[in-house]
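Got your viewer open? Let's take a walk through this one together, selecting a few pieces at a time.

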Amino acid sequence: MGKKLLMGNEAIARGAVEAGLNLATAYPGTPSSEIIGTLAEWSGDFDYYVEWSVNEKVAMEVAGGAAYAGGRALVAMKQVGLNVASDPLMSLAYIGVQGALVVVVADDPGPHSSQTEQDTRVFAKFAKLPVFDPSSPEEALAMTKAAFELSHRYQLPVLLRPTTRVCHATSGIEFGPRIPNVPEGFVKDPKWVIFPRLSYQQHQLLEETRLRLEREFSDGPWNPLTPGDRIGIVAGGVSYLYAREAVARLGLNPTMLKVGTPHPLPTAKLEQFLSRVDRVFVLEELDPVLEEGIIALAGQVGFKGPIYGKRSGHFPWAGEYSADRIQSVLARTLELAPAAPEPGAQDVPPELPVRPPVLCAGCPHRASFYAVKRGSRGSNAIYTGDIGCYTLGNAPPLSMVDTCLCMGAGLTVGQGLLRMEPGRPVFAFIGDSTFFHTGIPGILNAVYNQHPIKLVLLDNSTTAMTGHQPHPGMGRTACGGAVPQVDPVAVLRACGVEWLEVLDPLDLPATEAAVRRALEYPGVVALVLKSPCVATFKATRRYRIDSAACSNCGRCLRELGCPAFYREEKPQIGPSCYGCGLCSQICPKGAIGEVGRS
C-alpha cells in the first residue's frame, strides 16, 4: 500500500482509518490536535464523520453514542481534557459499547504546553479500562488498530496514551488496507440504561474482564521480552527507545521487557521476566505505574532483588526522560565507567537565546488587556484569566492575569473572589473558543446567583492557541462545511446578561470608556472585544516612528510589550509589525504613524 512520512498523530489517524473508523470527535489540545485535523483533511477520501466538539465531555458522549449503534468511534484529547470527559468515560466503562470506542489521550511530560503532568495510565486503572502505550509513530498506528479490534471484541472503551514525543515525532509509515465497518444500528435494550443493579453487575464483569485481559496481554505481541543477562529493564512508552539507546552506549546486554499495555499489567509475562533477572530497573515517565505493579508482584512471587525506579530515588517523578538521563542512572548504579561520547557528541551546539512567551505583534488581546488596565486604573480590581493565547496577558508589562486554573474557571473563580470581597471589582477574561467550551455555565451561574462579574470576552474568531481549529462561532465545521454561526452576544443575552457592549479593542479610547462604564454598573457585565487573530489574515499596513518627533520617552516599549519594537538610539518598529495601530494611540508626541506595507 506504500509508505509515507507521518508524525505520530497522523499515524494514529491512519490507524483509525485502516480500522474502519465511522466517527471521530475531539476538542483541540496540544499534543493531540493533529489527530482530528488529519482525519478532517482525509474525510473526503473515506466514509466517516469528523467533528470538533465544543468540549471533551461532549466529544466523548457523541463518540459513545456512535459506538452504541455499532460504529467504530474515536475521541481524542490531551490529558487535561480527560478531566472534563471523565464523567461519561467512567459510566461508559460500565455500560460498554456495541461497536468500538477508542479514547486517545495524549500526555504531556515536561510539560510543554499544559497546566498538569497527569498520567493517563493511572486514569485507565481508575476507570478499569485497558490502555495501550505506544513508543513510536509506527507502534501508534499498530496500537490504534489493535485498540479498535480489542474494543469491538470486548465491547468496552479502550484507551490509547501517546506522549508528546510520540505524537510529534515523524517516521516512515507503511500503509495497510482499510477494513470497513458497517454499523448495525442501535438496538433497544435495558442494558443501555444505567440503574444501580446493572452497575453492580457491570462492576463484577469489569473485574472478570481485567483478569482475561491480563492473560491475553501476557500472551500477546505488545509486551515483548528480550532475553539477556541477569540485569533486568522494564520500560514503557518512549522510555523503551531511550533505554535501548542507553544500554547500547554502555555495552550492556540486559534482559528487557517492553510493556505496551500498562493496564491491566501482563502479570504472567512479568513473572517470566522476574525469573530471569536478579535486579530490575523500571523506566517510565510520570507516575510509577509499572514500578508499583512490579513491586507488588515481586512480593507475591518472592523476588528478592533490588528494584530501581522512582520509589527507590533513582529516577525523577516529574518531567521527561532521555537516553542521556537513563544512561547516567544505569552507569552510576551499576558502577560502570562513563561511556565514550558518541561521535559528534562533543560538538555542543550554541546556547539558544531565551525568548519568553509573548503575545504576537498586532494581537488584539494586547489592546484588550491594555484598555482594561487603563480603564480600571485605581479600582483595585482583580483580573481572572483562562486557558488560551490570552494567558500570556500575565507577563509584564501587561500583567493582567492574576489567576489561571483551567478551562472556563476564570469566570467562576472570579465569582468566589467576589463573594469574599464584595466591594472589589473582578474582570474575568475568556476567549471565544473557551467561552463555548465551558464558559457558558459560568456566566449562567453569575446571572442566576447575582455575582456582579465583569466578563471580558476576547473574541478573535478562532481557536488560536492550538492551530486555529473552528468552533461554533465561526460558521464552518472541521471538514470546512458552512453552517450557521452561533453568536456569543446572542448567547450572553439568552443567559440573562443585561449590560453588554461590543467593541473593537483596537479603538483604545472607546474601549477604555466602556471599561469605566462597566465599573459603574452594579450587576453582571459583558464586554465583547472583537477583532480577528492576526494569524488569520495578511497585514496590509504597518507603522513606523518619526525619529524627529519621538521624544524617546519609551512609553511604547515600556507599556505594550509588543515584539515588533526594538531599541536603537530611539525606539524602532521592525518588519514584524502587523499594523494594529495600538502604539500610535498611546504615543504622547504623535510620533508613530501608518505607512503602507511594501
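How many salt bridges does the structure hold? There are 26 of them, where a salt bridge is a side-chain nitrogen of Lys or Arg within 4 Å of a carboxyl oxygen of Asp or Glu. Side chains of opposite charge can pair when their charged atoms come close.

Before we go on, some small print. This is a predicted model, so local features need pLDDT of at least 70 and side-chain atom pairs count only at pLDDT 80 or more, while totals for chains, interfaces and linings use all residues. Residues are numbered from 1 along each chain as its sequence is written, and side-chain values use heavy atoms, leaving out hydrogens and water.

**Stop 1: the sheet**

Select 225-226 and 307-308. These are β9 and β13, the edge strands, and each pairs on one side only. They belong to an open sheet of five strands in the order β9-β11-β10-β12-β13, with mixed pairing. Strands (E, at least two residues) and helices (H or I, at least four) are DSSP runs, numbered from the N terminus, and two strands pair if DSSP finds at least two bridges between them.

Now pick 231-236 and 279-283. Strands β10 and β12 run parallel here, paired over five bridges. Look for V234: across from it, in β12, stands V282.

Next, add 239-250. This is helix α9, which packs on the sheet and touches β9, β10, β11 and β12 (contact means heavy atoms within 4.5 Å). The direction of α9 makes about 145 degrees with that of β10; axes are lines fitted to C-alpha atoms, for helices over the stretch in contact, and angles run from 0 to 180 degrees between N-to-C directions.

**Stop 2: charged pairs**

Show the side chains of D324 and R249, which meet in a salt bridge at 2.5 Å, N to O. D324 lies in helix α12 and R249 in helix α9, so the pair ties together parts that are 75 residues apart in sequence.

Then select E284 and R121, another salt bridge, at 2.9 Å from N to O. E284 sits in the loop between β12 and α11, R121 in helix α5, 163 residues apart. Are E284 and R121 buried or exposed? Both are buried, meaning under 20% relative accessible area (exposed is over 50%, partly exposed in between; 1.4 Å probe, protein chains only).

Last, try D133 and R161, whose closest N and O atoms are 3.3 Å apart in their salt bridge. D133 counts as buried because its relative accessibility is 2%.
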